[in-house]
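Student: I am new to this structure and would like to go through it step by step, with each term explained as we meet it. Please show me the sequence and the model before we begin.

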Amino acid sequence: MSEPTKTERELGHEFLPRFDAQGLLIAIAVDSQTRDILMVAYMNAEALEKTRETGLAHFHSRSRGKLWLKGETSGHFLRVEEMLVDCDQDALELRVRPEGPACHTGARSCFYRKLSGDSLIRVAD
């Protein structure tokens, strides 16, 4: 099968995910109720397939080089309610229902600090 054209990918109705050279897509997990960004991770084809199959967010762990089910050790699963695909199909927005904190630090979101000059200041959860 040939590579889809830019027009097919950007304006067509077929899901044609565009993985990068490492075989990854960006996946942004967003709380489906508050629309807060919870975390950013990567998906390979296997993680995307498992997420679609189970309704639970799966990612590709770049540090471990393997499939990772968010919540597999913490119990803080992300239940995917909807997947939005960006214009050129190389990034996904996962609208999720979090079952506990999304960040491995225990924070509700991985985005719990703001930049102020050269310092990081914690923002309220």
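Tutor: Helices (H or I, at least four residues) and strands (E, at least two) are taken as DSSP runs and numbered from the N terminus, and two strands are said to pair if DSSP finds at least two bridges between them. The model is predicted, with local features needing pLDDT of at least 70 and side-chain atom pairs counting only at pLDDT 80 or more, while totals for chains, interfaces and linings use all residues. Residues are numbered from 1 along each chain as its sequence is written, and side-chain values use heavy atoms, with hydrogens and water left out.

Student: How many helices and strands does the protein chain have?
Tutor: Reading along the sequence, one meets the elements in the pattern α-β-β-α-β-β-β-β-β-β. Taken together, the secondary structure of the protein chain comes to two helices and eight strands.

Student: In the hairpin of E5 and E6, which residue takes a positive phi?
Tutor: Strand E5 covers residues 78-85 and pairs with E6 in the antiparallel sense over seven bridges, and one of the partnerships joins Leu 84 to Glu 93 in E6. Between the two strands of this hairpin there are five residues, and the one with a positive phi, near 60°, is Gln 89.

Student: In which sense, parallel or antiparallel, do E1 and E6 pair?
Tutor: It helps to look at the other neighbour of E1, strand E2 (residues 37-43), which pairs with E1 (residues 25-31) in the antiparallel sense over six bridges, with Leu 25 opposite Met 43. Those two strands form a hairpin with five residues between them, where Arg 35 in the turn has a positive phi of about 70°. On the side of E6 (residues 91-98), Ala 29 has Leu 94 as its bridge partner, and the six bridges between E1 and E6 run in the sense called parallel.

Student: Is Glu 3 buried or exposed?
Tutor: The labels rest on relative accessible area: buried means under 20%, exposed over 50%, and partly exposed in between, with a 1.4 Å probe and protein chains only. Glu 3 forms a salt bridge (a side-chain nitrogen of Lys or Arg within 4 Å of a carboxyl oxygen of Asp or Glu) with Arg 9, their closest N and O atoms being 2.5 Å apart. Arg 9 has 8% relative accessibility and therefore counts as buried, whereas Glu 3, at 58%, counts as exposed.

Student: How many residues apart in sequence are the parts tied together by Arg 108 and Asp 31?
Tutor: The two side chains meet in a salt bridge with an N to O distance of 2.9 Å. Arg 108 is partly exposed at 28%, while Asp 31, at 6%, is buried. Because Arg 108 lies in the loop between E6 and E7 and Asp 31 in strand E1, the parts that the pair ties together are apart in sequence by 77 residues.

Student: Why is the pair of Phe 59 and Trp 68 called tilted?
Tutor: Rings of Phe, Tyr and Trp (its six-membered ring) pair if their centres lie within 6.5 Å, and planes under 30 degrees apart count as stacked, over 60 as edge-to-face and the rest as tilted. A search of the whole structure finds one aromatic pair. Its rings, those of Phe 59 and Trp 68, have centres 5.3 Å apart, and the pair is tilted because the planes stand at 45°.

Student: What is the relative accessible area of Ala 102?
Tutor: Ala 102 is found in the loop between E6 and strand E7 (113-116). Contact means heavy atoms within 4.5 Å, and, leaving aside residues up to four places away in sequence, Ala 102 touches Leu 38, Met 39, Lys 70, Ala 107, Arg 108 and Cys 110. Ala 102 counts as buried because its relative accessible area is 2%.

Student: How much accessible area do Ile 26, Ile 37, Val 40 and Phe 111 have together?
Tutor: Patches are made of residues with over 30% relative accessible area and no salt bridge, where like charges are joined within 9 Å and nonpolar side chains (Val, Leu, Ile, Met, Phe, Trp, Tyr) within 5 Å. Ile 26, placed in strand E1, is partly exposed at 35%. Accessible areas come from the Shrake-Rupley method with a 1.4 Å probe, and for residues only the protein chains shown count as cover. By that method, the nonpolar surface patch of Ile 26, Ile 37, Val 40 and Phe 111 has a combined accessible area of about 350 Å².
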